[in-house]
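Trainee: Could you walk me through this one and show me how each label is earned?

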Amino acid sequence: MLPVGLLLSDGQLHRAGQLRPATALDEIEPIGDDRVRRNEAYYGLLLLSRVVTRLGPYSPVPPEVIAALPAADYAYLQSLYASVNGQAFSGMAPGGAVAAPTQAVTAAGPAIIETECPHCGALLELNLDEGHA
């Protein structure tokens, strides 16, 4: 369940979805996309749109839907992706965007968001830069 949810134009709020484990192709193919070449932060949107197989009425989930999510939901999906795939986001760009794996990451100050645990409702501070060089 997404912490905030996707609000559609008809007023319906969708918080349920499904994410599958990533394949090597899921992580490699977006690198060649023109949108990633123009803006490497777009890599995370493409990657998540490949592995998030359902979100509300969307299946498959296009990158534009991932881009329309509140920042807390995007961060939650990044964290869930890392958990499902047994890894931390080693390619985080400043501000929490997932960068293409070939990009070196530089620190631009802490990127901290506040979110709510979807299981217990506890308020959490999520440091998107933590553990990244």
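Mentor: Happily; we go from the whole chain to single residues.
Mentor: This is a predicted model, so local features need pLDDT of at least 70 and side-chain atom pairs count only at pLDDT 80 or more, while totals for chains, interfaces and linings use all residues. Residues are numbered from 1 along each chain as its sequence is written, and side-chain values use heavy atoms, with hydrogens and water left out.

Trainee: What makes up the chain, and in which order do the elements run?
Mentor: The chain has five helices and six strands. Starting at the N terminus, the order is β-β-β-α-α-α-β-α-α-β-β. Helices are DSSP runs of H or I with at least four residues, strands are runs of E with at least two, and both are numbered from the N terminus.

Trainee: How do you know whether the length of helix α5 agrees with what is expected?
Mentor: The expected span is 1.5 Å times one less than the number of residues. Helix α5 (residues 71-84) has 14 residues, so it should span 20 Å, and its end C-alpha atoms are 20 Å apart, which agrees. Just after α5, Gly86 takes a positive phi of about 65°.

Trainee: Why is Leu45 called buried or exposed?
Mentor: Buried means under 20% relative accessible area, exposed over 50%, and partly exposed in between, using a 1.4 Å probe and protein chains only. Leu45 has 12% relative accessibility, so it counts as buried. Leu45 sits in helix α3 (residues 42-51).

Trainee: What does Leu45 contact beyond its neighbours within four places in sequence?
Mentor: A contact means heavy atoms within 4.5 Å. By that rule, Leu45 is in contact with Pro63, Ile66, Ala67 and Tyr74. Pro63 is 18 residues from Leu45 along the chain, yet their C-alpha atoms are separated by 5.4 Å. Tyr74 belongs to α5 and is buried there, as are Ala75 and Leu77, among others.

Trainee: And Asp26: what is its relative accessible area, and what follows from it?
Mentor: The value is 2%, therefore Asp26 is buried. Asp26 lies in helix α1 (residues 24-28). Not counting residues up to four places away in sequence, Asp26 touches Arg20, Pro21, Leu47, Arg50 and Val51.

Trainee: Which backbone atom lies 2.8 Å from a polar atom of the Asp26 side chain?
Mentor: That is the backbone nitrogen of Thr23.

Trainee: How much of the chain is buried?
Mentor: Buried residues make up 37% of the 133 residues.

Notes: Polar contact = N/O pair within 3.5 Å; in protein donor to acceptor, adjacent residues only side chain to side chain.
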